[in-house]
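Colleague: I am new to this one. Can you show me the model and justify the words you use for it?

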Amino acid sequence: MLMVGDDFDGDVIAPSRAGLNALWLNRDTQEHRAGTGYDTIFSLSELPARLFG
């Protein structure tokens with residue numbers, strides 16, 4: 001399971017603490033955040049590459 005969301009705290013940090021992988025969809029800035037169980041994408045067009053390698 002992979003959580004994708006634009007609210008970093010609610011959609012990324014909380015699920016990653018629960019053991020789920022998460023992607024932060026950051027459409028507003030070029031800030032990149034990554035850590036154990038989460039990373040950043042800037043557009044939904046990046047999602048297929050993350051899912052299917």
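Colleague: Where is the place of Arg-17?

Modeller: Arg-17 sits in helix H1. Helices are DSSP runs of H or I with at least four residues, strands are E runs with at least two, and both are numbered from the N terminus. One caution: this is a predicted model, where local features need pLDDT of at least 70, side-chain atom pairs count only at pLDDT 80 or more, and totals for chains, interfaces and linings use all residues. Numbering starts from 1 along each chain as its sequence is written, and side-chain values use heavy atoms, with hydrogens and water left out.

Colleague: What makes Arg-17 exposed or buried?

Modeller: Its relative accessibility is 72%. Buried means under 20% relative accessible area, exposed over 50%, and partly exposed in between, with a 1.4 Å probe and protein chains only. Arg-17 is over the exposed limit, so it counts as exposed. In space, the C-alpha atoms of Arg-17 and Gly-37 are 8.4 Å apart, with their positions 20 residues apart in sequence.

Colleague: Which elements make up the protein chain, and in what order?

Modeller: There are 2 helices and 3 strands. From the N terminus on, they run β-α-β-β-α.

Colleague: How do you know whether the protein chain agrees with a compact globule?

Modeller: Compare two values. The globule rule is 2.2 Å times the number of residues to the power 0.38, and the radius of gyration is taken over C-alpha atoms. For 53 residues a compact globule would come near 10 Å; the protein chain has 10 Å, so the two agree. Along the principal axes, the C-alpha atoms fill a box of roughly 25 × 25 × 15 Å. Of the 53 residues, 30% count as buried.

Colleague: Why is Trp-24 called buried?

Modeller: Trp-24 has 8% relative accessibility, which is under the buried limit, so the word applies. Trp-24 belongs to strand S2, residues 21–25. Its C-alpha is 11 Å from that of Gly-37, and the two are 13 residues apart in sequence.

Colleague: And what makes Leu-25 buried or exposed?

Modeller: Leu-25 is buried, because its relative accessible area is 8%. Leu-25 also lies in strand S2. Its C-alpha is separated by 10 Å from that of Met-3, 22 residues apart along the chain.

Colleague: How many salt bridges does a search of the whole structure find?

Modeller: The search finds 2. A salt bridge is a side-chain nitrogen of Lys or Arg within 4 Å of a carboxyl oxygen of Asp or Glu.

Colleague: Why does the pair Glu-31 and Arg-33 count as a salt bridge?

Modeller: The N to O distance is 2.8 Å, which is within the limit, so the pair qualifies. Glu-31 is partly exposed because its relative accessibility is 37%. Arg-33 is partly exposed too, with 29%.

Colleague: What makes Asp-39 and Arg-50 a salt bridge?

Modeller: Their side chains meet at 3.2 Å, N to O, and that fits the definition. This pair links distant parts of the chain: Asp-39 in strand S3 (residues 38–41) and Arg-50 in helix H2 (residues 47–52), 11 residues apart. Both ends are partly exposed, because Asp-39 has 21% relative accessibility and Arg-50 has 37%. Arg-50 also has its C-alpha 9.3 Å from that of Leu-23, 27 residues apart along the chain.

Colleague: Which residues form the negative surface patch?

Modeller: Asp-6, Asp-7, Asp-9 and Asp-28 form the patch. Patch members have over 30% relative accessible area and no salt bridge; like charges are joined within 9 Å, and nonpolar side chains (Val, Leu, Ile, Met, Phe, Trp, Tyr) within 5 Å. Asp and Glu count as negative. Take Asp-6, one of the members. Asp-6 has 56% relative accessibility, so it counts as exposed. Its place is the loop between strand S1 (2–5) and helix H1 (8–17).

Colleague: Which residues form the nonpolar patch?

Modeller: The members are Leu-2, Leu-51 and Phe-52, with about 330 Å² of accessible area together. Leu-2 lies in strand S1.

Colleague: Why is Leu-2 called partly exposed?

Modeller: Its relative accessibility is 33%, which falls between the buried and exposed limits, so that is the label. The value is also over the patch limit of 30%.

Definitions and conventions:
Accessible areas come from the Shrake-Rupley method with a 1.4 Å probe; for residues, only the protein chains shown count as cover. The place of a charge is taken as NZ of Lys, CZ of Arg, CG of Asp or CD of Glu.
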